[in-house]
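Biologist: I would like to go through this model with you step by step, beginning with its aromatic side chains and then moving outward to the surface and the overall fold.

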Amino acid sequence: MTEKQSKDSHAPGSEGGGSGKHVELAGAFDIRTFIGALIGLFGLLTGLFGFSPEEAAKTGGVNANLWAGIAMIVFAALFAVWSKVDPIRFVVQDNAEGAEEERDFAALD
């Protein structure tokens, strides 16, 4: 069975009835989004404000913080692309009336 077929087998309504069952994406709550944003922000701040005359003397005049900041920004961009290309999906199903939780979540992949 291919990956596409295995994902389609979890499609809403494919498991007998499935009323109230649907697939949602993690979206902004994907951990890759937070990690990428924090590393990108740190790279931006490091690259722009992290160079002093003392550090220039240590590195022979090369702005190592600028290069490290650029690398962190590229890394953050890769995380953003990764979270868009392969988003985290999960199946949400409404629980029966009187249940403790309103909805039930299950991993799709």
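Biologist: By about how many helical turns are Phe 75 and Phe 79 separated in helix α4?

Modeller: Bear in mind throughout that this is a predicted model. Helix α4 spans residues 64-85 and holds both Phe 75 and Phe 79. Because these two residues are four apart in that helix, their separation is about one helical turn.

Biologist: How many aromatic pairs are there, and what is the geometry of the pair formed by Phe 75 and Phe 79?

Modeller: With ring centres within 6.5 Å as the criterion for pairing, the count comes to two aromatic pairs. In the pair of Phe 75 and Phe 79, the ring centres are 4.7 Å apart and the planes stand at 45°. An angle under 30 degrees would count as stacked and one over 60 as edge-to-face, so the pair of Phe 75 and Phe 79 is tilted.

Biologist: Is Phe 79 buried or exposed?

Modeller: Its partner Phe 75 has a relative accessible area of 37% and is therefore partly exposed. For Phe 79 the relative accessible area is 14%, and since the limit for burial is under 20%, Phe 79 is buried.

Biologist: What kind of pair do the rings of Phe 79 and Trp 82 make?

Modeller: Phe 79 and Trp 82 both belong to helix α4, where they lie three residues apart, about one turn of the helix. Their ring centres are 5.6 Å apart with the planes at 85°, so the pair is edge-to-face.

Biologist: Which residues form the aromatic cluster, and which residue has its charged end over the ring of Trp 82?

Modeller: The cluster is a single one, formed by Phe 75, Phe 79 and Trp 82. Trp 82 counts as partly exposed because its relative accessibility is 44%. The charged end that sits over the ring of Trp 82, 4.7 Å from the ring centre, is that of Arg 32.

Biologist: Which residues does Ser 83 touch, not counting residues up to four places away in sequence?

Modeller: Ser 83 is also found in helix α4, and it counts as buried because its relative accessibility is 12%. With those sequence neighbours set aside, the residues that Ser 83 touches are Asp 30, Arg 32 and Thr 33.

Biologist: With which residues is Met 72 in contact, leaving aside its neighbours within four places in sequence?

Modeller: Met 72 lies in helix α4 as well. Measuring from C-alpha to C-alpha, Met 72 and Gly 47 are 9.2 Å apart in space, although 25 residues apart in sequence. Once the sequence neighbours are left aside, the contacts of Met 72 are Ile 39, Gly 40, Phe 42, Gly 43 and Thr 46.

Biologist: Which helix gives the most to the nonpolar patch on the surface?

Modeller: The patch is made up of Leu 41, Leu 44, Leu 45, Leu 48, Phe 49 and Ile 73, with about 610 Å² of accessible area together. Leu 48 is found in helix α2, and at 57% relative accessibility Leu 48 counts as exposed. The helix giving the most, with five residues, spans residues 31-49 and is helix α2.

Biologist: What pattern does the protein follow along its sequence, and what share of its residues is buried?

Modeller: The protein contains four helices and three strands, which follow the pattern α-β-α-α-α-β-β when read along the sequence. Its accessible surface comes to about 7,900 Å², with 65% belonging to carbon and sulfur atoms. Of the 109 residues in the protein, the buried share is 23%.

Terms used. Residues are numbered from 1 along each chain as its sequence is written. This is a predicted model: local features need pLDDT of at least 70, side-chain atom pairs count only at pLDDT 80 or more; totals for chains, interfaces and linings use all residues. Side-chain values use heavy atoms; hydrogens and water are left out. Patches are made of residues with over 30% relative accessible area and no salt bridge: like charges are joined within 9 Å, nonpolar side chains (Val, Leu, Ile, Met, Phe, Trp, Tyr) within 5 Å. Accessible areas come from the Shrake-Rupley method with a 1.4 Å probe; for residues, only the protein chains shown count as cover. A salt bridge is a side-chain nitrogen of Lys or Arg within 4 Å of a carboxyl oxygen of Asp or Glu. Buried means under 20% relative accessible area, exposed over 50%, partly exposed in between (1.4 Å probe, protein chains only). Rings of Phe, Tyr and Trp (its six-membered ring) pair if their centres lie within 6.5 Å; planes under 30 degrees apart count as stacked, over 60 as edge-to-face and the rest as tilted. A charge sits over a ring if NZ of Lys or CZ of Arg is within 6 Å of the ring centre and within 35 degrees of the ring normal. Contact means heavy atoms within 4.5 Å.
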